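Here is a colleague's note to read alongside the sequence and the model. Please keep the structure open and find each residue as it comes up.

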Amino acid sequence: MLVRPGRSDTFLGERYRRIVKRRGKLKALIAVARSILVIVWHLLADPTARYRDLGGDSKRSASPSL
């Protein structure tokens, strides 16, 4: 299943939306693709590692509300 990064409610989807505001669609897409490659590399390098998505609101919930 192929999901466009800007429409998914995941950490990577939120990352795409943050970057697209500053850098544009192409650079945001490349940045998210790189993030996916880094995740895959870590999963392959460490057999005990498991992927757990942080969710789309992980940045907002981690930072204090002003």
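1. A good place to begin is I30, a residue that is found in helix 2. Is I30 buried or exposed? Its relative accessible area is 54%, and because exposed means over 50%, I30 counts as exposed. Along the chain I30 and Y16 are 14 residues apart, and in space their C-alpha atoms are 9.3 Å apart. Please bear in mind throughout that this is a predicted model, and that the values below are computed from it.

2. Stepping back to the whole chain, the secondary structure comes to 3 helices and 0 strands, and the order of the elements from the N terminus on is α-α-α. The protein chain has 66 residues, of which buried residues make up 20%. About 5,700 Å² of the protein chain is exposed, and carbon and sulfur atoms supply 60% of that area. If one takes the contacts between residues at least 6 apart in sequence, 44% of them join residues at least 24 apart.

3. Helix 1 has 13 residues, and the distance from its first C-alpha to its last is 18 Å, which is close to the 18 Å expected at 1.5 Å a residue. The buried residues in helix 1 are L12, G13, E14, Y16 and I19. After helix 1 comes G24, whose phi is positive, near 105°.

4. One member of that buried group, E14, deserves a second look, as a student may wish to check it by eye. E14 is found in helix 1, and it counts as buried because its relative accessibility is 15%, where buried means under 20%. The C-alpha atoms of E14 and V32 are separated by 9.9 Å, although the two residues are 18 residues apart along the chain.

5. Helix 2 covers residues 25-45, which is 21 residues, and reaches 30 Å from its first C-alpha to its last, close to the 30 Å expected at 1.5 Å a residue. Which residues of helix 2 are buried? They are A28, A31, V32 and S35. Seen down the axis of helix 2, these buried residues fall within an arc of 95°, so they line one face of the helix. The face turned away from this buried side carries the exposed residues L26, K27, I30, R34, L37, W41 and L44, so the list includes the I30 of the opening point, exposed at 54%.

6. What covers the buried residues of helix 2 includes helix 1 (11-23), and two residues let the reader follow this in detail. Leaving aside neighbours within four places in sequence, A31 is in contact with R15 and I19. With neighbours within four places again left aside, S35 is in contact with L12 and R15. S35 lies in helix 2, and it counts as buried because its relative accessibility is 14%.

7. Which residues make up the largest nonpolar core? It consists of L12, Y16, I19, A28, A31 and V32, 6 residues in all. Helix 1 and helix 2 are the elements that give two or more residues to this core. As background, nonpolar side chains in soluble globular proteins tend to be buried together.

8. The last point concerns a residue outside the helices discussed so far. T48 is found in the loop between helix 2 and helix 3 (58-62), and it counts as exposed because its relative accessibility is 65%. What does the side chain of T48 make a polar contact with? The partner is the side chain of D46, at 2.8 Å.

Note on methods. Residues numbered from 1 in each chain as written. Predicted model: local features only at pLDDT ≥ 70, side-chain atom pairs only at ≥ 80, totals over all residues. Heavy atoms only, no water. Helix = DSSP H or I, 4+ residues; strand = E, 2+ residues; numbered from the N terminus. Expected span 1.5 Å × (residues − 1). Buried < 20%, exposed > 50% of the residue type's maximum accessible area, 1.4 Å probe, protein only. Arc of directions from axis to C-beta. Contact = heavy atoms within 4.5 Å. Areas by Shrake-Rupley, 256 points an atom, 1.4 Å probe, with all protein chains shown as cover. Polar contact = N/O pair within 3.5 Å; in protein donor to acceptor, adjacent residues only side chain to side chain. Core = buried A, V, L, I, M, F, W, Y, C linked by side-chain atoms within 4.5 Å.
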